[in-house]
Amino acid sequence: MTKHYFTYLALGDSYTIGEAVPLHESFPYQTVQLLRANGLHIHAPEIVAATGWTTLELAEHILHTKLNEDYDFVTLLIGVNNQFRGSSAEDYRNDFEFLLKKALHFADDKNDRVVVLSIPDWSVTPFAKEHDTTKIAEEINAFNKINAAISKQYKVHCIDITSSTRESVTDASLIAKDDLHPSGKEYLKWAEEVAAVIEKTLTE
């Protein structure tokens, strides 16, 4: 009898690829490392993400990329570039719902196998000093209300990582050397939450 090796698809942007840190410190890779350490057989994550992608660019890439028919687990973290480029909340809502439906399709329509992560708040980073930080935080909060509501509607897991990213105000070690993206230490916090959700799902 062969062991089942679980598969994991990570959809997103620079926060998913782990911009400014080694690949193994990205949250999808750290999630897999934690699961393996706890005895779970799981392949390396398949990552469909790129720095700068908006919801629309992620959607277009998914539509034009040959992926597996289904995966055991799918994570979705997208929206910061919508905010950065001044996209409307309505466009974000429509695109995010489309992407979540795609994520569910990849997860064989098992809503307990899909995990949405909230958008990090980059207003607290050194990079944001020249920007309107109050406006950034307000817009990210608004986008996060949208993705949380849609996640609830489709009964998928939704993890708030935004609060954690705001802790970098008093802990510079949570920010990468580019003064914008999270460090591997911060990504580990996200990975622990995602891994906990996956493990709980498998034991229920």
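The expected span of a helix is 1.5 Å times one less than its number of residues. The model used in these exercises is predicted.

**Exercise 1. The span of H5**

Task: Find how far helix H5 reaches from its first C-alpha to its last, and set this beside the expected span.

Solution:
- Step 1. H5 covers residues 89–106, which gives 18 residues.
- Step 2. At 1.5 Å a residue, 26 Å is expected.
- Step 3. In the model the helix reaches 25 Å, close to that value.

**Exercise 2. The buried face of H5**

Task: List the buried residues of H5, and state how they are arranged about its axis.

Solution:
- Step 1. Buried means under 20% relative accessible area.
- Step 2. In H5 this picks out Tyr-92, Phe-96, Leu-99, Leu-100, Ala-103, Leu-104 and Phe-106.
- Step 3. Look down the axis of H5: these residues fall within an arc of 150°, so they line one face of the helix.
- Step 4. Now find their partners. The helices are H3 (55–63), H4 (80–84) and H6 (133–153), and the strands are E1 (8–12), E3 (73–76) and E4 (114–117).
- Step 5. Move just past the end of H5. Asp-108 takes a positive phi there, about 60°.

**Exercise 3. H5 against H6**

Task: Describe the packing of H5 and H6 by angle and axis separation, handedness and residues in contact.

Solution:
- Step 1. The two helices pack at an angle of about 35°, and their axes are 10 Å apart.
- Step 2. Their crossing is right-handed.
- Step 3. H5 brings Ala-89, Tyr-92, Arg-93, Phe-96, Glu-97 and Leu-100 to the contact. H6 meets them with Phe-143, Ile-146, Asn-147, Ile-150, Ser-151 and Gln-153.
- Step 4. Sort these residues by type: seven are nonpolar, three polar and two charged.
- Step 5. Compare with Exercise 2. Tyr-92, Phe-96 and Leu-100 are among the buried residues of H5, and they also meet H6.

**Exercise 4. H2 and Thr-31**

Task: Work out which elements the buried residues of H2 pack against, then place Thr-31 in that helix.

Solution:
- Step 1. H2 spans residues 27–37, and its buried residues are Phe-27, Pro-28, Gln-30, Thr-31, Val-32 and Leu-35.
- Step 2. They pack against helices H1 (14–17) and H8 (184–203), and against strands E1, E2 (46–49), E3 and E4.
- Step 3. Thr-31 sits in H2. Its relative accessible area is 0%, so it is buried.
- Step 4. Leave aside neighbours within four places in sequence. Thr-31 then contacts Tyr-8, Ala-191, Val-194, Ala-195 and Ile-198.
- Step 5. Just after H2, Gly-39 has a positive phi of about 90°.

**Exercise 5. Positive phi outside glycine**

Task: For Ala-20 and Asp-179, give the phi value, the loop and the exposure.

Solution:
- Step 1. Ala-20 is not a glycine, yet its phi is positive, about 80°.
- Step 2. Ala-20 belongs to the loop between H1 and H2. With a relative accessible area of 44%, it is partly exposed.
- Step 3. Asp-179 is not a glycine either, and its phi is about 65°.
- Step 4. Asp-179 lies in the loop between H7 (162–165) and H8. At 38% relative accessible area, it is partly exposed.

**Exercise 6. Phe-84**

Task: Locate Phe-84 and name the residues it touches.

Solution:
- Step 1. Phe-84 is in helix H4.
- Step 2. Its relative accessibility is 46%, so Phe-84 counts as partly exposed.
- Step 3. Beyond four places in sequence, Phe-84 touches Trp-122 and His-131.
- Step 4. Phe-84 and Trp-122 are 38 residues apart in sequence, and their C-alpha atoms are 9.8 Å apart.

Note on methods: Residues are numbered from 1 along each chain as its sequence is written. This is a predicted model: local features need pLDDT of at least 70, side-chain atom pairs count only at pLDDT 80 or more; totals for chains, interfaces and linings use all residues. Side-chain values use heavy atoms; hydrogens and water are left out. Helices (H or I, at least four residues) and strands (E, at least two) are DSSP runs, numbered from the N terminus. Buried means under 20% relative accessible area, exposed over 50%, partly exposed in between (1.4 Å probe, protein chains only). The arc is that of the directions from the helix axis to the C-beta atoms. Contact means heavy atoms within 4.5 Å. Axes are lines fitted to C-alpha atoms, for helices over the stretch in contact, and angles run from 0 to 180 degrees between N-to-C directions. A crossing is left-handed if the near helix is turned anticlockwise from the far one by less than a right angle, and right-handed if clockwise. Ala, Val, Leu, Ile, Met, Phe, Trp, Tyr, Cys and Pro count as nonpolar, Asp, Glu, Lys and Arg as charged, and the others, Gly among them, as polar.
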